[in-house]
Protein chains: 2
Amino acid sequence: MSSSVETPEEDVSVPGRITIRDVAKAAGVSIATASKALNDRGRMTPETRARIQTAARDLGFTPNAVARALVSQRSFTIGLLTNDTYGRFTLPVAAGLSAALIDRGVSVFLCAFQDDPEAARVNLRAMQDKCVDGLIIAGKRIDRGLPIELPRLSMPVVHVYSLCGDDDIGFMPDDRAGAALAVQHLIGLGRRRIAHVTGPLAFAAVAQRTEGWADALKAHGLAPFGAPLNGTWSEGFGYSVGQAWAALPPSERPDGVFCGNDQIARGVIDALTLAGLNVPRDISVVGFDNWSVFAEATRPPLTTIDMNLQEMGRQAGLVLLDMVEGLPVERGLRRLPCRLVTRQSCGVPPPA
Amino acid sequence: MSSSVETPEEDVSVPGRITIRDVAKAAGVSIATASKALNDRGRMTPETRARIQTAARDLGFTPNAVARALVSQRSFTIGLLTNDTYGRFTLPVAAGLSAALIDRGVSVFLCAFQDDPEAARVNLRAMQDKCVDGLIIAGKRIDRGLPIELPRLSMPVVHVYSLCGDDDIGFMPDDRAGAALAVQHLIGLGRRRIAHVTGPLAFAAVAQRTEGWADALKAHGLAPFGAPLNGTWSEGFGYSVGQAWAALPPSERPDGVFCGNDQIARGVIDALTLAGLNVPRDISVVGFDNWSVFAEATRPPLTTIDMNLQEMGRQAGLVLLDMVEGLPVERGLRRLPCRLVTRQSCGVPPPA
DNA sequence: CTGAAAGCGCTTACAG
DNA sequence: CTGAAAGCGCTTACAG
């Protein structure tokens, strides 16, 4: 038994955690006064306040958040509910969210679950039991919600990268403008025959990015180079498109491609390269996502669109906090701007 | 102002959440009795118990976890502290952890932060304030801890995929045996000239995987094919190695390669393919990580080693719970077995 | 078998 | 300016 350990300290003489009672005693005041001093509330002589705060510091007192939650009816926790178990979207969102909230004393419960209603329900229930102050609902596509009813949920909710009804409050990237950014970049580089290869039509993001492609083309008086090519969100699809292009005479190929995501872009580039073509010399390629592990590893590294998911998480957290505090918040969807990240898959922009 | 919304319901007549007081009243008993009935504790007539439980169900009562935490001195929450903001390792771990704990009523706080001591301290502090019952410390390499002192932390801690002292309790993959698995697979396929290309020497995982490579070779009376090649954990490094091999006459090339991770493996394969060689015909390649987005997208898809990180998270959670409950737990490191995932980068195994 | 009381650690009116 | 009291929602001895 000597190699095993009873977890709770056996030394019962150690009273465990320092409570406000301990600091009150040490400072020679009542716990009510101690509480007010520590929260910078109420009125008392500066000396008393200082004495109490010093005592607290000396004892290493940290208020018990559970007790505080019980009386204040605020737990200073929020829940992040997501069906994005892979974390492609949720992880940057969670990072921005946590970073923004940690300073305000709020922590976030991560509830990532497979896309089935039962799991969703169990996790939602857990969040209610834990009395979270609010909920972030995050998904992996902007046209689907989680498989849960949020029936008159008594707590505020912010939707991020998932379906957002008119009466909801939510955040999404401005896919359309982001796509236009990509295409403008290609045009600025002198490309004129700009194709678009992207994901399945069923995704709202696909339609929006396709519109952005058309917008930018139109703004420059350019015709689309062929119809958009829709396939799966995979390297494999991009690869097959690249192969097909490589088999064509140069005059029938695009000189620029805007891809619906980085994986497709990589597939296109790999196929073109293997067929002896050069990216960006023969064809410039832009991706979408700025998924660094792809974008940086592609040869050449991908110029791509970043959705600023981390910033989205930050803003969603801040808005949720406002709602928790009862501040008025506009309903509806916020679309956050995307940004272009330039690497080497498009060539060098002409001198400005 | 009609497009904005005051978050807390304005209807004050709605008393908010159902409490145990409500169910006690509905069932015509005291709240003490209600509590016992709902927790299947104490003794009372089955009828009374049933009546109370029915009342609770009808009212939709769910116990307030905060109040329960305050009295029971257990919050039924744990913290997951990690510096793996990218989530490559932490995400599967978190998934396994949450899934295992949700059934036991415990939720997990996600604290992912950049690798600086101040952020680590702030997050650790937040977890202490929130009175978490225990902590999972997860990293992105097995030979580094988080930049925090865990000075006589009063709560139990389990380390996952990060440095684990002799007196600590932790989980890691059995890198050495996993590597041997990969090499045995190559040998079983008839490969005899088996090279090893992997990450930087400074990583303990590199040394362990290299030992596994040597172990398996030795067990079959084979000599290593050259010294291990150490570089960065990147496609780029694998690519440069592949290029160098492609330039060699076949007799000087390996016929099988065990790579330290999937990115390196992909780089090797891409370079060989671009140079006109065929994987797996000319060279069989095994990766490490089973990072699906790489392993599945590589042409051909990667045979690779999976570290079972999700299972690791599950077991870590269960052990942590045992510690929280005061059960005796063996100190020390647990090494969990890896598993081989067969795809197409090695060729078809000979009929058994 | 059931209930009144005390208490978890804190905060917030309300007296003095 | 400071403290005694009540209470957040629950559980746990302890009486009856």
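Chain A and chain B bury about 5,300 Å² between them. Of that, 59% is on carbon and sulfur atoms. Buried area here is the accessible area, with a 1.4 Å probe, that two parts lose on being put together, summed over both. This is a predicted model: local features need pLDDT of at least 70, side-chain atom pairs count only at pLDDT 80 or more, and totals for chains, interfaces and linings use all residues. On bookkeeping, residues are numbered from 1 along each chain as its sequence is written, chains are lettered from A and ligands numbered from 1 in the order in which they are written, and side-chain values use heavy atoms, with hydrogens and water left out.

Stay with the protein interface. Chain A puts 65 residues into the contact, and chain B puts in 66. Contact means heavy atoms within 4.5 Å. How many salt bridges cross between chain A and chain B? The rule finds eight. A salt bridge is a side-chain nitrogen of Lys or Arg within 4 Å of a carboxyl oxygen of Asp or Glu. Take A:Glu235 and B:Arg266: their side chains pair up, N to O, at 2.7 Å. The interface also has 20 residue pairs in polar contact, both residues at pLDDT 80 or more. A polar contact is a pair of N or O atoms within 3.5 Å; within protein, one must be able to donate a hydrogen and the other to accept it, and residues adjacent in sequence count only if both atoms are side-chain atoms.

Which element of chain A gives the largest share of the side touching chain B? Helix α6, residues 117-129, with seven residues. Helices (H or I, at least four residues) and strands (E, at least two) are DSSP runs, numbered from the N terminus. By class, that side of chain A has 34 nonpolar, 19 polar and 12 charged residues. Nonpolar covers Ala, Val, Leu, Ile, Met, Phe, Trp, Tyr, Cys and Pro; charged covers Asp, Glu, Lys and Arg; the others, Gly among them, are polar.

Over all chains, the structure holds 40 salt bridges. One of them joins A:Arg299 to B:Asp270, with the closest N and O atoms 2.7 Å apart. That pair crosses between chains: A:Arg299 sits in the loop between α11 (292-295) and β11 (303-306) of chain A, and B:Asp270 in helix α10 (residues 262-274) of chain B.

Now the DNA. Strand D first. DNA strand D is surrounded by 25 residues, and the closest are A:Ala32, A:Lys36, A:Arg43, B:Ile20 and B:Ser35. Near means a heavy atom of the residue within 4 Å. Of the strand D atoms within 4 Å of the protein, 66% belong to sugar or phosphate, the rest to bases. What does B:Arg68 approach with its side chain? A phosphate oxygen of DNA strand D, 3.1 Å from a side-chain N or O atom. B:Ala67 goes to a base nitrogen of strand D instead, 3.3 Å from a backbone N or O atom. The elements giving two or more residues to this surface are α2 (31-38) and α4 (65-72) of chain A, together with α2 (31-38) and α4 (65-72) of chain B.

On to strand C. DNA strand C also has 25 residues around it; A:Ile20, A:Ser35, B:Ala32, B:Lys36 and B:Arg43 are the closest. Here 68% of the strand atoms within 4 Å of the protein are sugar or phosphate. A polar backbone atom of A:Asn64 is 3.0 Å from a phosphate oxygen of strand C.
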